[in-house]
Amino acid sequence: MAEYFGSSKPYVLMALIVYMIYRVLLRVLYRNGRMRVPVVHEVGMALLAWWLLTLFSASVSPALGFSLKPSFPGMNLIPVYGTIRMVKESGVGALFGAFLKYVPIGFLVPFLFRRSRNPGKVLSLCGSAAIFIEVFQLFMPSMAVRLDDILWALFGGFSGYFLFGLLCMNITGIERMATVKRSRGRQVPAPVRLELELVFLLMLLPVMVQGTRLEMARVQEVRAQEEQQAKAAAEAKKAAEEAEAQRLAEEEAKQLKVADSMPELSVEAGAAVLYSVDDDLILYEKAEIDQETPASTTKLMTALTVLKYCDPTEKLTTGEEITRISDQASNASLKEGTTGTVETFLGAMLIPSGNDAAYALATYTGRKILGKDSASVDEALQAFLDAEKDLAAELNLENSNFLTPDGDQADGQYSCARDMIRIARECLKNDTIRKLCGAKSYRGLFDNLDLTYKNTNELIQPSSECYYEGAIGMKTGSFNDVKCLVAAAEIDGKTYIAVLMQDGDPGRYQDAKTLFDYVAGDSGDGGEDMPAEE
């Protein structure tokens, strides 16, 4: 009900102006015709005008949605059925509303106008208003057109007329209380004779004018919103296309370009790749995507994952996770309770190939990823491995599956030479990893432990027969008799990476030198001595 009466609010000001002009003109005509107008008549007319304004604003305002195309499918011309449906959809209150809207009109019309005290005239007026409303609502898609609304309007109008009749029977003189007293012998002007009809039309006028203005404003706003949405959609589409283009460019950048022709080199490794970092070009490859055992070269991937989530200066303390390494695994001589920076632990993992350091770093990083310091070792390791898989996708690894942080072989763990090139290329971009991988030795200065480590990579050890001038790293790997090596060297101002998998000792170093010598234009021989185990 509050919504019904509140619907007239946008039209009140214009209706008030129209009504006041109308009443002033009538007052002039009343005075010229020497007619007496009771105050009750003015009050009753104002009440009738307000009630009609409310009725029209809630029923036929174009602001409720107007269309030039009538919606005949929405009509319901079956008596009673429309009422039942209305009650089901809107409740009993809607039924009383359809009835009560016309009760005041049925009462006020005979109360204010002597010539309209015929029930036929009252019903004709209410019925005409209801028919006009229902016909107009055919062009309003949001409104339901029902024959029953006309019937309820007639019933409401008759009820109001009946109420007026009861008051006349019980209150003496009420039928003369609000009627205009006219002077005999004077002609009544048309505006006075049509006072009732004019008030209907004049209250409909502001509803139509203001409602049309509101509807036009709404349509313009909708169009503006649609244009804005279309613009936003176009911008979003453009942004999506640019993002897709960027993604494709990034994917293209991740793809390893291959030289048109390959040299014939004597390489003992089961799988090998030689890659120019500066030219972004594979110069030589052999069984480049075959699944091979990565062994401790996995620690390069572990280092990348750790530094994605941790700062090198952060502190961590080892726990029982360092006891999970196998008995024969290489280690960094760490103990439970050893505390140090992430960088120190990285040195302990990359230089002596410490599996215990790898587990300590993976556990710490996994807990940080989970945001839960109390997470169990298993939970932390799983979180770390999940993050490592995400990083593998970012690096576009095509044939790798890492299941342990230290590279100790597990069923289903593998990588390929091309993927190790991608990992090594990313490692060289990181100053911390590049510095550690290129160190001949490293002092692991923990808070409660002081250790010095020697790099397992013989290519960077000047005292080794396998030493290669210009070598800058990176990582060795061993699993029983299977050896692998990720090597990097600077030759003639350019950086090159060589990956050897499924190799032996000292074959992996000889193969690396063969590849680097090919770049340098030299067929130099590799050393023959067996390097130290990692």
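**Warm-up.** How many aromatic pairs does the structure hold? There are 10 aromatic pairs, where the rings of Phe, Tyr and Trp (its six-membered ring) pair if their centres lie within 6.5 Å; planes under 30 degrees apart count as stacked, over 60 as edge-to-face and the rest as tilted.

Some ground rules before going on. This is a predicted model, in which local features need pLDDT of at least 70 and side-chain atom pairs count only at pLDDT 80 or more, while totals for chains, interfaces and linings use all residues. Residues are numbered from 1 along each chain as its sequence is written, and side-chain values use heavy atoms, with hydrogens and water left out.

**Exercise 1.** Classify the ring pair of phenylalanine 107 and phenylalanine 164, then place both residues in the fold.

*Step 1, geometry.* The centres are 6.0 Å apart and the planes make 75 degrees, and the pair is edge-to-face.

*Step 2, location.* Phenylalanine 107 sits in helix α6 and phenylalanine 164 in helix α8 (residues 147–170), so to speak distant parts of the chain, 57 residues apart. Helices (H or I, at least four residues) and strands (E, at least two) are DSSP runs, numbered from the N terminus.

*Step 3, burial.* Both phenylalanine 107 and phenylalanine 164 are buried. Buried means under 20% relative accessible area, exposed over 50%, and partly exposed in between (1.4 Å probe, protein chains only).

*Step 4, surroundings.* Ring pairs join Phe107, Phe111 and Phe164 in a cluster. Helix α6 (residues 103–112) is mostly covered, with nine of its 10 residues buried; among them are Phe107, Leu108 and Phe111.

**Exercise 2.** Now do the pair of phenylalanine 158 and phenylalanine 162.

*Step 1, geometry.* At 6.5 Å centre to centre and 25 degrees between the planes, this pair is stacked.

*Step 2, spacing.* Phenylalanine 158 and phenylalanine 162 are about one helical turn from each other, because they are four residues apart in helix α8.

*Step 3, burial.* Phenylalanine 158 has a relative accessible area of 40%, so this residue is partly exposed. Phenylalanine 162 comes out at 48%, which means partly exposed too.

**Exercise 3.** Describe how helix α11 (residues 298–309) packs against helix α15 (residues 417–428).

*Step 1, what to report.* Two packed helices are described by the angle between their axes and the distance between the axes.

*Step 2, the values.* The axes of α11 and α15 come within 10 Å and cross at roughly 45 degrees. Axes are lines fitted to C-alpha atoms, for helices over the stretch in contact, and angles run from 0 to 180 degrees between N-to-C directions.

*Step 3, the label.* That angle makes α11 oblique to α15. Angles under 35 degrees count as roughly parallel, over 145 as roughly antiparallel, 65 to 115 as roughly perpendicular and the rest as oblique.

*Step 4, the residues.* Leu300, Met301 and Leu304 of α11 meet Ile423, Glu426 and Cys427 of α15, with contact meaning heavy atoms within 4.5 Å. By class, that's five nonpolar, no polar and one charged residues. Ala, Val, Leu, Ile, Met, Phe, Trp, Tyr, Cys and Pro count as nonpolar, Asp, Glu, Lys and Arg as charged, and the others, Gly among them, as polar.

**Exercise 4.** Repeat the job for α11 and α14.

*Step 1, the values.* These axes come within 10 Å and cross at roughly 100 degrees.

*Step 2, the label.* That makes α11 roughly perpendicular to α14.

*Step 3, the residues.* The contact includes Met301, Leu304 and Tyr309 of α11, and Phe384, Leu391 and Glu394 of α14. Its residues divide into eight nonpolar, two polar and three charged.

**Exercise 5.** Check the backbone for cis peptide bonds and positive phi values.

*Step 1, cis bonds.* The bond from glycine 473 to methionine 474 is cis, with omega near 20 degrees, and methionine 474 lies in strand β10 (residues 471–479). From aspartate 505 to proline 506 the bond is also cis, with omega near 0 degrees; proline 506 is in the loop between β12 (494–503) and α17 (507–520).

*Step 2, positive phi.* Serine 353 isn't a glycine, yet its phi is about 65 degrees. Serine 353 lies in the loop between α12 (342–350) and α13 (355–370), and its relative accessible area is 0%, so serine 353 is buried. Asparagine 396 has phi near 65 degrees and belongs to the loop between α14 (377–394) and α15. At 18% relative accessibility, asparagine 396 counts as buried.
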